[in-house]
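Reader: I have a chain open in front of me and would like to talk it through with you. Could we begin with the vocabulary and then move on to the details?

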Amino acid sequence: AAPAAGAVAGTVRVLERGGKSPLPSQAHAVVYLRGPATPPPEQAAQVQQVDKTFQPRVLAIVKGQAVTFHNSDRVRHNAFCHDPRKNFDLGRFPKGETRTETFPEAGFYKVYCDIHQQMVLDIAVLENRYFAVTDAAGAFRIAGVPPGSYTLAIWHIYGGTAELDRGNLLKGTAAIWGKDLDWHNGYCRWMEVVDPNYKVKP
């Protein structure tokens with residue numbers, strides 16, 4: 001039988017400028033595994049425009065997946081992106097209407113509303129479905145990962161990417177967890193990812 005898929009989990013700690021103290025919230029970091037590509041889901045990812053914000057603030061999807069924008073406010077909204085890889089403007093639309101856009105290239109994109117300048121959405125378009133977005137405590141869990149060799153990467157809305165390559169993360173087991181990862185200015189200070197049957201050497 002094929003080895004069981006596992007979960008990669010841990011905590012990201014994002015530090016303020018200078019690297020001395022953590023940010024008040026550890027949310028809005030995208031943790032993902034570099035590895036084989038997986039096909040995009042048939043269903044579109046969903047974004048709400050409510051209280052003059054994009055919700056969620058950070059969205060991670062698979063390359064080739066569509067995103068549907070729902071206007072749930074009383075006012076009209078817009079969604080646009082001016083990026084060389086993906087340049088679109090969905091126009092202005094009222095409450096109850098939706099617009100959909102597909103993202104065929106991997107990368108990190110910023111989407112805005114041309115009516116409300118405070119509205120910003122970061123979309124991480126990734127090569128596979130093995131990703132998670134941290135919660136306010138910095139915790140993440142990526143489920144259903146096949147055993148194999150991966151590079152773990154972290155991207156945060158304040159900019160920069162940190163990477164960790166520990167080789168075979170899963171080693172054929174069904175449970176993985178990680179210690180804290182300090183992330184600051186794109187630099188991965190340290191992280192240990194281990195499974196119950198494998199001890200990482202110092």
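Author: Let me start with the term that the loops and strands depend on: strands are DSSP runs of E with at least two residues, and they are numbered from the N terminus. Please also keep in mind throughout that this is a predicted model.

Reader: Good. With that in hand, where is His28 found?

Author: His28 sits in the loop between strand S1 (6-14) and strand S2 (29-34). Its backbone deserves a look, since His28 has a positive phi of about 75° although it is not a glycine. With a relative accessible area of 28%, His28 is partly exposed.

Reader: And what about Lys52, what is its phi?

Author: Lys52 also is not a glycine, and it has a positive phi of about 60°. Lys52 belongs to the loop between S3 and S4, and its relative accessible area of 36% makes it partly exposed.

Reader: While we are on backbone geometry, which peptide bond is cis?

Author: The bond from Gln55 to Pro56 is cis, with omega near 5°, and Pro56 lies in the loop between S4 and S5.

Reader: Stepping back, how many helices and strands does the chain have?

Author: The secondary structure comes to zero helices and 19 strands. Of the 202 residues in the chain, 47% are buried. If you take the contacts between residues at least 6 apart in sequence, 60% of them join residues at least 24 apart. The accessible surface of the chain is about 10300 Å², and carbon and sulfur atoms account for 50% of it.

Reader: What is the order of the strands in the open sheet?

Author: Four strands form that open sheet, in the order S4-S3-S6-S9, and the pairing is mixed. Strand S4 (53-55) and strand S9 (98-102) are the edge strands, each pairing on one side only, and the twist averages 25° from one strand to the next.

Reader: How do S3 and S6 run, parallel or antiparallel?

Author: S3 and S6 run parallel and are joined by five bridges. As for individual positions, Gln48 stands opposite His70 in S6.

Reader: Now the interior, please. Which residues touch the most other members of the largest nonpolar core?

Author: That core has 20 residues, and Val67, Phe69, Val111 and Ile123 are the ones touching the most other members. Among the elements giving two or more residues to this core are strand S6 (66-71), strand S10 (107-112) and strand S11 (120-126). There is another core lying apart from it, with 15 residues that include Val14, Ile142, Val145 and Tyr150.

Reader: Let me pick one of those: which residues is Ile123 in contact with?

Author: Leaving aside its neighbours within four places in sequence, Ile123 is in contact with Leu59, Ile61, Val67, Phe103, Gly107, Phe108, Tyr109 and Val111.

Reader: Changing topic, how many salt bridges are there?

Author: The count comes to seven salt bridges. In one of them Glu127 is paired with Lys63, with the closest N and O atoms 3.1 Å apart.

Reader: Why does the pair tie together parts apart in sequence?

Author: Glu127 lies in the loop between S11 and strand S12 (131-133), whereas Lys63 lies in the loop between S5 and S6, so the pair ties together parts that are 64 residues apart in sequence. Glu127 counts as partly exposed at 36% relative accessibility, and Lys63 is partly exposed as well, at 33%.

Reader: Which residue forms a salt bridge with Arg92?

Author: Asp114 does, and the closest N and O atoms of the two are 3.2 Å apart. This pair links distant parts of the chain, with Asp114 in the loop between S10 and S11 and Arg92 in strand S8, 22 residues apart. Asp114 has a relative accessible area of 34% and Arg92 one of 47%, which means that each is partly exposed.

Reader: One last thing, what does Ile115 touch?

Author: Not counting residues up to four places away in sequence, Ile115 touches Arg76, His77 and Arg92. Ile115 is found in the loop between S10 and S11, and its C-alpha atom is separated by 9.7 Å from that of Val75, a residue 40 residues apart from it along the chain. With a relative accessible area of 32%, Ile115 is partly exposed.

How values were computed:
Residues numbered from 1 in each chain as written. Predicted model: local features only at pLDDT ≥ 70, side-chain atom pairs only at ≥ 80, totals over all residues. Heavy atoms only, no water. Core = buried A, V, L, I, M, F, W, Y, C linked by side-chain atoms within 4.5 Å. Buried < 20%, exposed > 50% of the residue type's maximum accessible area, 1.4 Å probe, protein only. Contact = heavy atoms within 4.5 Å. Pairing = 2+ DSSP bridges. Axes fitted to C-alpha atoms, helices over the stretch in contact; angles between N-to-C directions. Areas by Shrake-Rupley, 256 points an atom, 1.4 Å probe, with all protein chains shown as cover. Salt bridge = Lys/Arg side-chain N within 4 Å of Asp/Glu carboxyl O.
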